[in-house]
Amino acid sequence: MEKLVLICVLVAVVSCASIPSAPHKDNAEWSDFKVRHGQFYKTDAEDSARYALWKNRMEEVEKHNNDAKNTYKMGENHFSAMTHSEFREKHGNCFRIPPEMIVNGTLKHHADAATFLPPASTAIPDQIDWVQMGAVTPVKNQLQCGSCWAFSSTGALEGQWFRKTGRLVSLSEQNLVDCCRTNYGCRGGWPDNSFDYIYQNGGLDSEAGYPYYGYQLGYCYYRAQYNTAQDKGHYDVAPNEDALKIAVATYGPISVAIDATRPGFASYRSGVYIDNTCGNTIYNLDHAVLVVGYGTENGHDYWLVKNSWSTQWGDQGYIKMARNNNNQCGIALKASYPIV
């Protein structure tokens with residue numbers, strides 16, 4: 001049924017687009033797009049429909065980038081031949097807080113979480129970048145599995161483990177997807193439950209020992225010989241940007257959740273992402289990412305954020321999201337990191 005609906009949508013797009021009968025056959029840029037992103041289609045009709053979507057998206061990108069009022073640039077990526085609803089279906093709603101944890105729009109305190117207390121008399125720098133400081137592993141790709149929560153979790157633990165041991169190790173998201181039963185595998189989850197699982201399990205396997213497949217295997221294959229990093233629970237950071245800034249400056253990469261539903265977010269390429277239509281309530285949060293720094297660019301304060309949509313998206317997998325802009329996209333509402 002879903003496939004039939006998608007075909008109908010694509011046919012409608014082609015029918016409405018004012019393009020020649022088969023322009024995709026001779027379009028070098030479209031051919032280049034397919035080769036670079038490994039996107040090939042079984043039928044000429046689907047190829048034509050995808051071309052129409054891509055062409056319309058490139059026109060939107062050009063229009064956006066030519067508007068001097070915009071603080072960020074958009075660009076082509078591996079999502080550019082999808083409808084926005086199709087993109088949302090495959091990559092949205094991967095951050096899920098248990099409904100009982102939200103009361104009157106406010107998140108209850110997690111029973112097993114310690115409360116982050118800003119260190120006294122500590123100078124907080126105007127900018128910091130944990131990527132340059134060696135605390136962040138290369139950008140990963142969650143594929144079409146709603147496992148952003150697992151990538152946000154491993155990123156936070158990788159950073160804390162680096163600060164403790166001086167060694168940067170890549171940790172297993174698949175271990176969490178398959179074994180953290182308090183989350184929902186490829187159907188979403190939240191990092192607090194990940195940190196609890198790691199504590200109760202006595203650690204987490206390495207990426208090499210338990211590689212990522214992009215789907216839930218249906219069985220937990222955790223093996224103690226690949227146990228690479230452990231935690232002792234986690235801290236929850238107060239839901240405001242000042243507290244988040246202090247946590248990032250003093251402790252390292254922090255797991256956060258955001259509203260990633262805006263079309264501009266899917267096509268982000270560079271600059272400071274400012275979109276005042278982005279939601280900033282607990283109900284808007286749908287995607288988990290990792291804050292790895294902050295700074296100011298062209299007069300705009302930003303959070304440096306690592307995503308899990310591969311280096312084909314954004315600025316080599318990163319985005320600079322507006323900071324001190326009414327908690328845009330809810331970035332400070334659900335911040336946490338593991339205790340090591």
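In which hand, left or right, does H5 cross H7?

## Packing of H5 against H7

In this predicted model, H5 passes H7 in a right-handed crossing. The contact draws on Trp149, Ser152, Ser153, Ala156 and Leu157 from H5, which meet Pro191, Ser194, Phe195 and Ile198 from H7. Sorted by class, the residues of this contact comprise six nonpolar and three polar, with no charged residue among them.

The axes of H5 and of helix H7, which covers residues 191-201, lie 9 Å apart and make an angle of about 55°. Angles of 65 to 115 degrees would count as roughly perpendicular and those under 35 degrees as roughly parallel, and H5 and H7 are therefore oblique to each other.

## The internal cavity

The count of cavities of 30 Å³ or more comes to one, and the largest cavity has a volume of about 100 Å³. Its lining is formed by 13 residues, of which Phe151, Ser152, Lys306, Asn307 and Ser308 are the closest to the centre of the cavity. Two elements, helix H5 (148-165) and strand E11 (287-297), each give two or more residues to this lining, and H5 gives the most, with five residues.

By class, the lining of the largest cavity consists of six polar, four nonpolar and three charged residues.

## Where the two features meet

Ser152 belongs to both descriptions: this residue of H5 takes part in the contact with H7, and Ser152 is also among the residues closest to the centre of the largest cavity. The contact of H5 with H7 includes no charged residues, whereas the lining of the largest cavity includes three.

Conventions:
Residues numbered from 1 in each chain as written. Predicted model: local features only at pLDDT ≥ 70, side-chain atom pairs only at ≥ 80, totals over all residues. Heavy atoms only, no water. 1 Å grid on protein atoms, 1.4 Å probe; cavity = no way out; pocket = protein on both sides within 12 Å on 5 of 7 lines; lining within 4 Å. Points joined across faces, edges and corners; volume = space filled by probe spheres on them. Helix = DSSP H or I, 4+ residues; strand = E, 2+ residues; numbered from the N terminus. Nonpolar A, V, L, I, M, F, W, Y, C, P; charged D, E, K, R; others polar. Axes fitted to C-alpha atoms, helices over the stretch in contact; angles between N-to-C directions. Parallel < 35°, antiparallel > 145°, perpendicular 65-115°, else oblique. Left-handed = near helix turned anticlockwise from the far one by under 90°. Contact = heavy atoms within 4.5 Å.
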